[in-house]
Amino acid sequence: CTGCSGTTIVCLNVLLTACRHVSSTDERGCIKIPIPQAKRELSNAISLTRLAYTLIGSTDLVIDFTARLLTEVLDKNSGKAKTLHKKTGILYFIFAYQNTSAGPSLMKLLQTIASQQDPHLLRKFI
């Protein structure tokens with residue numbers, strides 16, 4: 001639909017801004033437990049799955065914003081990163097779009113996911 005991408009980008013940007021303004025660490029650099037509510041709400045199974053599926057067939061700009069949002073939500077949230085990988089196969093989406101203009105954001109998302117899981121995870125895909 002015409003204008004859907006623009007609306008989606010605005011929504012993703014609002015969510016991204018909310019996540020960036022709420023730190024997952026305290027002033028000493030320790031991870032806050034529980035994670036801040038904005039990130040906790042976006043890291044539930046339904047939201048994460050829908051965000052991952054936004055990576056499929058969207059415009060490069062929507063993919064870029066989605067990757068940045070997922071990176072913010074999954075940072076220091078290893079349990080959710082592992083669940084997302086197992087439920088959605090998100091790594092396949094990342095590799096499918098790595099040569100687009102969204103590539104840098106996708107590679108940062110890949111680093112966030114891989115750093116919180118099996119250190120040999122990337123070797124399995126390369």
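**Helix H5 and the packing around H3**

In helix H5, the buried residues (under 20% relative accessible area with a 1.4 Å probe, protein chains only) are Ala81, Leu84, His85 and Thr88. They sit on the same side of H5, because the arc they cover around the axis is only 100°, taken from the directions from the helix axis to the C-beta atoms. The face turned away from that buried side carries Lys86 and Lys87, both exposed (over 50%, with partly exposed in between). After H5 comes Gly89, with a positive phi near 65°.

The model is a predicted one, in which local features need pLDDT of at least 70 and side-chain atom pairs count only at pLDDT 80 or more, while totals for chains, interfaces and linings use all residues. Residues are numbered from 1 along each chain as its sequence is written, and side-chain values use heavy atoms, leaving out hydrogens and water. Helices are DSSP runs (H or I, at least four residues), numbered from the N terminus.

Now for how H5 meets H3. The axes of H3 (residues 45-54) and H5 (residues 78-88) come within 10 Å and cross at roughly 60°; axes here are lines fitted to C-alpha atoms over the stretch in contact, with angles running from 0 to 180 degrees between N-to-C directions. H3 is therefore oblique to H5, the label for angles that are not roughly parallel (under 35 degrees), roughly antiparallel (over 145) or roughly perpendicular (65 to 115). The crossing is right-handed, meaning the near helix is turned clockwise from the far one by less than a right angle; anticlockwise would be left-handed. On the H3 side, the contact (heavy atoms within 4.5 Å) uses Ala45, Leu48, Thr49, Ala52 and Tyr53, and on the H5 side Lys80, Leu84, Lys87 and Thr88. By type, that gives 5 nonpolar, 2 polar and 2 charged residues (Ala, Val, Leu, Ile, Met, Phe, Trp, Tyr, Cys and Pro count as nonpolar, Asp, Glu, Lys and Arg as charged, the others, Gly among them, as polar).

H3 also packs against H4, at an angle of about 150° and with the axes 9 Å apart, so H3 runs roughly antiparallel to H4. This crossing is left-handed. Leu48, Leu51, Ala52 and Thr54 of H3 meet Val62, Thr66, Leu69, Leu70, Val73 and Leu74 of H4, a set of 8 nonpolar, 2 polar and no charged residues.

Elsewhere in H4 (residues 60-74) lies Thr71, which counts as buried because its relative accessibility is 8%. Leaving aside residues up to four places away in sequence, Thr71 touches Ser105, Lys108, Leu109 and Thr112.

Methods:
Helices (H or I, at least four residues) and strands (E, at least two) are DSSP runs, numbered from the N terminus.
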